[in-house]
Amino acid sequence: MSQISTEIVVPVHDRTRPVRRAVESLLKDAETRAIVIAHNIDPDVLDLPSSDRVRVLPLEGAEGMPGATFDAGIAAATAPWVGIMGSDDWYQDGALAAMRRRAKHDDADGVIAPLTHQFLEFNQIKPLTHRRSGLDPVRDRMFYRTAPLGIYRTEIMQRPEYRFGDVFPAGSDMRVTALLWTAGFRFSYYWDDPAYVVGKDAQSRVTFTPRPLQATGAPYRALLEEPLVADFDRATRQALAVKMARVHILGAVTLRPTEDLWQPGDLAWLRAYAQDLRHFAPGVYRGLSRRDQRIISAVLRADLPEILTAQAQWKSSPLLSRALPANPLMAVIERDSTLHWALAAAGARLAAGKRPF
């Protein structure tokens, strides 16, 4: 058997999950071992390939807390590189070997996996950057990659500060990567290499289970109260807050296009969270497009009819409303403005052809 250089943690809590597909994708790489965490389930009922490179660890308790499963698997890892993945997902052929080669060439502490979805024919550029190695959390928009998918030095991921914990049913990875990306390690990312594929055909995914905003948003507000995060410099706080505004506030509104989808307490919670972000980073909203600023303004006023109207008109907004903030100068000044995003996307595609091997 080849020497094991990589271990990937695959938690599974439901026998209907396509865990065989996930594990088989790992076994295609001769240097990879799968650590399957049988979370509150009899390991014998799992449909797994027979291989000495499949290690199954039972874990009882922490029901509905995927962070505990990641922690258990990472703690058990002994190979130089470790990663995590969902049981619904898989790696494309050659992805793990490519990440190891990138890590060796770049002397990296971790390589962020390229990302695609089951029904897409292309990889997403996320984080949106044209650079490939020595990434910076602000310059390279690293906060937009919340889950630490990829491979990372095991001795780093086993440090207590990068534990996922068993507090939140979803979102526990936000604290892990917010601290990991800003800790001074060397990270690489080659967006058009063979990718990690997010499966879309499972019957359910824990992270997508609908819950009130007070529940789903608990890890968001906890992150803002994390002492090390509170000590971020101004630029880092701004970068993190803009990501949270785009993904959490605008995302919550997008998922609730009609009044009946807003549960009691949702609007009050979202307004308080929008205020928290503005306190954390006072300039958080100034670089957003006018159409996004319109939604944020309505959220801060707790004006649900205007929120719904602004969201309904979002796709049909005029070009200037889509491209520029209320103060057009901010399109140039703010790194995360729509203008900068367009330039970064073009740069990433151009740079994709420049490979070190």
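Which strands and which helix do the buried residues of α2 pack against? Keep that question in mind. The model on your screen is predicted.

**Stop 1: helix α2**

Select residues 66–76. This is helix α2, and the helix is mostly covered. Eight of its 11 residues are buried. Colour them: G67, A68, T69, F70, D71, G73, I74 and A76. Now show what surrounds them. The buried residues of α2 pack against four elements of one kind, β1 (6–12), β2 (32–39), β3 (54–59) and β4 (81–84), and against helix α4 (154–157). That settles the opening question.

**Stop 2: strand β2**

Stay with one of those neighbours. Select β2, residues 32–39. Eight of the eight residues of β2 are buried, so the rest of the structure largely encloses this strand. In a regular strand the side chains alternate between the two faces of the sheet. Check both faces here. T32, A34, V36 and A38 are buried on one side. R33, I35, I37 and H39 are buried on the other.

Next, add β1 to the selection. β1 and β2 pair in the parallel sense, over seven bridges. Pick V9 and look across: its bridge partner in β2 is I35.

**Stop 3: S172**

Move to the loop between α4 and α5 (173–181), where you will find S172. Is S172 buried or exposed? S172 counts as buried, because its relative accessibility is 9% and the cut-off for buried is under 20%. Leave aside its neighbours within four places in sequence, and S172 is in contact with G67 and F164. You have met G67 already: this residue is one of the buried residues of α2.

**Stop 4: a three-strand sheet**

Select β5, β10 and β7. They form an open sheet in the order β5-β10-β7, with mixed pairing. The edge strands are β5 (90–91) and β7 (115–117), and each pairs on one side only. Zoom in on β7 and β10 (residues 196–198). These two strands pair in the parallel sense over three bridges. Find H117: this residue stands opposite V198 in β10.

**Stop 5: the core and Y91**

Now look inside. The largest nonpolar core has 105 residues. Those with the most contacts inside this core are Y91, L180, I249, L270, L277 and Y285. Helix α9 (residues 234–254) gives the largest share, 10 residues.

Select Y91. What is Y91 in contact with, leaving aside its neighbours within four places in sequence? Show S25, L26, M85, L96, M99, A113, L149, G150, A195 and Y196.

**Stop 6: A239 in helix α9**

Go to α9 and pick A239, which has its place in this helix. A239 is buried, with a relative accessible area of 6%. Leaving aside neighbours within four places in sequence, A239 is in contact with V138, F143 and D336. Then pick R139. A239 and R139 are 100 residues apart along the chain, yet their C-alpha atoms are separated by 8.8 Å.

**Stop 7: a patch on the surface**

Finish outside. Select L329, V332, I333, L339 and L343. They form a nonpolar patch on the surface, and together they have about 470 Å² of accessible area. Two elements give two or more residues to the patch: α14 (330–333) and α15 (338–351). End on L339, which lies in α15. L339 is partly exposed, because its relative accessible area is 38% and partly exposed runs between 20% and 50%.

How values were computed: Residues numbered from 1 in each chain as written. Predicted model: local features only at pLDDT ≥ 70, side-chain atom pairs only at ≥ 80, totals over all residues. Heavy atoms only, no water. Pairing = 2+ DSSP bridges. Core = buried A, V, L, I, M, F, W, Y, C linked by side-chain atoms within 4.5 Å. Buried < 20%, exposed > 50% of the residue type's maximum accessible area, 1.4 Å probe, protein only. Contact = heavy atoms within 4.5 Å. Patch = residues over 30% accessible without salt bridge, like charges linked within 9 Å, V, L, I, M, F, W, Y side chains within 5 Å. Areas by Shrake-Rupley, 256 points an atom, 1.4 Å probe, with all protein chains shown as cover. Salt bridge = Lys/Arg side-chain N within 4 Å of Asp/Glu carboxyl O.
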